[in-house]
Amino acid sequence: MDFDFIVKSIPLYVKAAEVTLELSFWGILLSLIIGFICSLVIYYKVKLLAQVVQIYIELSRNTPLLIQLFFLYYGFAKIGIKFEAYSCAIFGLAFLGGSYMAEAFRSGLEAVSKIQIETGLSVGLNRWQLMRYIILPQAFSVAIPAIGANAIFLLKETSVVSAIALADLMFVAKDLIGMYYKTTEALTMLVVAYLIILLPISLLLTFIERKVRHAGFGN
Amino acid sequence: MKKFLKTVSLILTLLFSLGVLAGCGSEPAKKSAIDQIKERGKLRVAVFSDKPPFGFVDANGKNQGYDVYLAKRLAKDLLGDENKVEFVLVEAASRIEVLEADKVDITLANFTVTPERKEKVDFANPYMKVALGIVSPEGAPITSVDQLKGKKLIVNKGTTAETYFTKNYPDVELLKYDQNTEAFQALKDGRGAALAHDNTLVFAWSRENKGYVTGITKLGELDAIAPAVKKGNTELRDWINTELTKLGEEKFFHKDFEETLKPAYGDSVNPEDVVVEGGAIK
C-alpha cells in the first residue's frame with residue numbers, strides 16, 4: 001500500500017463523492033415523486049393510465065441502468081436529441097428508481113386492510129380524508145423499509161455513470177488505475193468512500209424505520 | 001448503540017477475513033512459465049476488441065488485426081499451431097491487471113511503453129512505434145494544441161493520450177471514456193471538440209469516417225509499442241525477444257502491415273513510420 005498516494009488522491013475522491021451524492025439526491029427525489037404518483041394511479045386503477053404505468057414499470061425494472069444510460073446518451077443523440085451526461089444520469093436514475101419506488105409504495109397501500117377503509121367510510125370520511133388519515137400513515141409505515149432499501153440501491157447504482165464520462169467515485173478509481181496502476185490503493189479507497197457515504201445513511205434509515213413502525217403499531 | 005457496535009464489528013470481521021484470504025493467494029510451485037503454457041496447450045493473450053486495425057472483432061466474431069496477427073504467430077512458434085491461442089478482450093485501463101491477476105500470459109493490446117507501466121510489468125522489445133494524433137471534425141479542425149484551451153478533448157481512460165494531456169496541458173478539459181467505440185461515438189455526437197489517441201489509430205479512423213480530419217498527426221514523443229508480460233516473467237520475455245529478432249529476419253511485420261494495416265491506411269501511411277522489425281527502433 002502506497003499511503004502517500006492515498007493521501008494525495010483524497011481530494012479527488014471527495015470531489016467525486018460530491019458528484020455521486022448530487023446525482024443520487026436528485027435521482028432519489030425524482031424517483032420518490034414518480035413512484036408515489038405511479039402507485040396512486042395503480043391503486044385507484046385509473047383507466048388507461050394504469051396500463052401505461054404498468055408498461056413503464058415492467059420496462060424500467062427489466063432493463064439495466066447501464067443500458068438505459070447508453071440509450072439516453074448515445075441513442076437519443078443519433079435522433080437529434082442531445083442531453084448532457086449529467087441530465088442523462090439523473091433521468092436514468094429517476095426512470096429506474098421510479099418503478100422500484102412505485103412498487104414499494106403500492107405494497108404499502110395494498111397492505112392497508114379493507115376493514116380499515118370501510119370503517120373510515122362508515123364514520124363519514126371523504127376520499128381525501130380517508131387517504132390522508134387512514135391509508136397513507138399505515139401504508140407509509142409498511143413501505144418505509146422498501147423505500148429505504150431502494151434509496152440505497154439507487155445510490156449504489158450511480159457507480160455505472162462513469163460509462164458516460166461522469167466523474168463519480170467509480171470513474172476516479174478507474175482513472176487512477178489507468179494512469180498510475182495503483183489498483184489496490186484506488187479500489188480500497190473506493191470501497192471506503194462508499195462505506196463512508198452509505199453506513200450513516202443505512203443507520204439513519206434504521207432509525208427512521210423504528211420511528212414510523214412505532215407510529216404504525218404502537219410498540 | 002449496541003446495534004452500531006455489532007455492525008462495526010461485523011465489518012471489521014469481514015475486512016479481516018478478506019486479508020486472510022488474500023494471504024492464501026501465494027505463489028504456486030515454481031514451474032517454468034513456458035512449460036506451464038505448453039502444458040495448458042493454449043497461449044492466453046490480451047487483445048483489444050475495438051481498436052481496428054490493430055485488435056478488433058470482425059463481423060464473423062473472429063479476432064483480427066496487427067496485434068492478433070502477431071499473437072497467432074507466437075502461438076504457432078511456441079505450440080506448433082496458430083489456433084492454440086486464447087484471446088482475452090481487454091479495455092485500455094485493464095491491460096496491466098489482466099497480467100497481474102494471471103488472466104493472460106502476454107498483453108498484445110497495442111501497449112505503449114511508459115516509465116509508469118514499466119514499474120508494473122515487463123516489456124519485451126518493441127514491434128511498432130507510435131505518437132499521438134488528434135482528430136476533429138472537418139468543419140472545425142483542430143490543428144494546434146493551443147486551439148483546445150477551454151474546449152473539451154475526448155480521450156480514453158488509461159491511454160498515453162490521457163497521461164500526456166494531464167501532465168502537459170492541465171487546462172484542457174478531458175472527457176474520459178472506457179472504450180474506444182464510446183469515445184469515437186462521443187466525437188461523432190459532438191460532445192467534444194476533438195479526440196486524442198494513437199496517431200496510428202486516428203489515421204485509420206479518419207480515413208473511414210468522412211467529415212473528420214487528423215489535424216495534428218504527431219504529438220509528444222515517438223513511443224514504442226511492445227508485448228508485455230507479468231513482472232518477473234523473464235523467461236517468457238526473453239523468449240519473445242528471441243522470437244522478435246527471428247521474425248525481423250523474415251520481415252514479418254512488413255507482411256503483417258500489408259495484411260492488416262494497409263487495407264485501412266491505403267497509401268497514406270508509410271510502413272516505415274509504423275513498423276519495427278527485429279525488436280529495435282532505428
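Helices (H or I, at least four residues) and strands (E, at least two) are DSSP runs, numbered from the N terminus. With that in hand, here are some exercises to try on the structure above.

This is a predicted model, in which local features need pLDDT of at least 70 and side-chain atom pairs count only at pLDDT 80 or more, while totals for chains, interfaces and linings use all residues. Residues are numbered from 1 along each chain as its sequence is written, chains are lettered from A and ligands numbered from 1 in the order in which they are written, and side-chain values use heavy atoms, with hydrogens and water left out.

**Exercise 1. The two chains**

Describe the make-up of chain A and then of chain B.

Step 1: Read chain A along its sequence and you meet the pattern α-α-α-α-α-α-α-α. That is eight helices and zero strands. Chain B has 10 helices and 13 strands.

Step 2: Turn to burial, where buried means under 20% relative accessible area, exposed over 50%, and partly exposed in between (1.4 Å probe, protein chains only). In chain A, 44% of the 219 residues count as buried; in chain B, buried residues make up 51% of 282.

Step 3: Look at contacts (heavy atoms within 4.5 Å). Taking pairs at least 6 apart in sequence, 78% of the contacts in chain A join residues at least 24 apart. For chain B, with a separation of 6 or more, 71% come from residues 24 or more positions apart.

Step 4: Add the accessible surface, which comes from the Shrake-Rupley method with a 1.4 Å probe; for residues, only the protein chains shown count as cover. Chain A has about 11,700 Å², and carbon and sulfur atoms hold 70% of that. Chain B has about 13,300 Å², with 53% belonging to carbon and sulfur.

Step 5: Finish with the box that the C-alpha atoms of chain A fill, roughly 70 × 50 × 20 Å along the principal axes.

**Exercise 2. Helix H3 of chain A**

Check the span of helix H3 (residues 65-78) of chain A, and find what covers its buried residues.

Step 1: The expected span of a helix is 1.5 Å times one less than its number of residues. For the 14 residues of H3(A) this gives 20 Å, and the end C-alpha atoms are 19 Å apart, which agrees.

Step 2: Now look for a bend, the angle between axes fitted to the seven residues ending at a residue and the seven starting there. H3(A) has a kink of about 30° centred on Phe71(A).

Step 3: Pick out the buried residues: Leu65(A), Gln68(A), Leu69(A), Leu72(A), Tyr73(A), Tyr74(A) and Ala77(A). An α-helix has 3.6 residues a turn, so residues three or four places apart point the same way.

Step 4: Their cover includes helices H2 (49-61), H4 (85-111) and H6 (127-157) of chain A, along with strand S10 (173-177) and helix H7 (180-188) of chain B.

Step 5: Just after H3(A), Gly80(A) takes a positive phi of about 90°.

**Exercise 3. Neighbours at Lys182(A) and Thr183(A)**

Work out the surroundings of Lys182(A) and Thr183(A).

Step 1: Lys182(A) lies in the loop between helix H7 (169-180) and helix H8 (183-217) of chain A, while Thr183(A) is in helix H8.

Step 2: Lys182(A) counts as buried at 19% relative accessibility, and so does Thr183(A) at 16%.

Step 3: A polar contact is a pair of N or O atoms within 3.5 Å; within protein, one must be able to donate a hydrogen and the other to accept it, and residues adjacent in sequence count only if both atoms are side-chain atoms. The side chains of Lys182(A) and Asp2(A) make one at 3.1 Å.

Step 4: Leaving aside neighbours within four places in sequence, Lys182(A) touches Asp2(A), Phe5(A), Leu176(A) and Ile177(A). By the same rule, Thr183(A) is in contact with Ile177(A), Glu97(B) and Glu100(B).

**Exercise 4. His197(B) and helix H8 of chain B**

Is His197(B) buried or exposed?

Step 1: Place His197(B) in strand S11 (residues 194-198) of chain B. Its relative accessible area is 3%, so His197(B) is buried.

Step 2: Its side chain has a polar contact of 3.0 Å with the side chain of Asn180(B). Beyond four places in sequence, its contacts include Lys51(B), Leu132(B) and Val202(B).

Step 3: Val202(B) is among the buried residues of H8(B), a helix (residues 199-208) with seven of its 10 residues buried.
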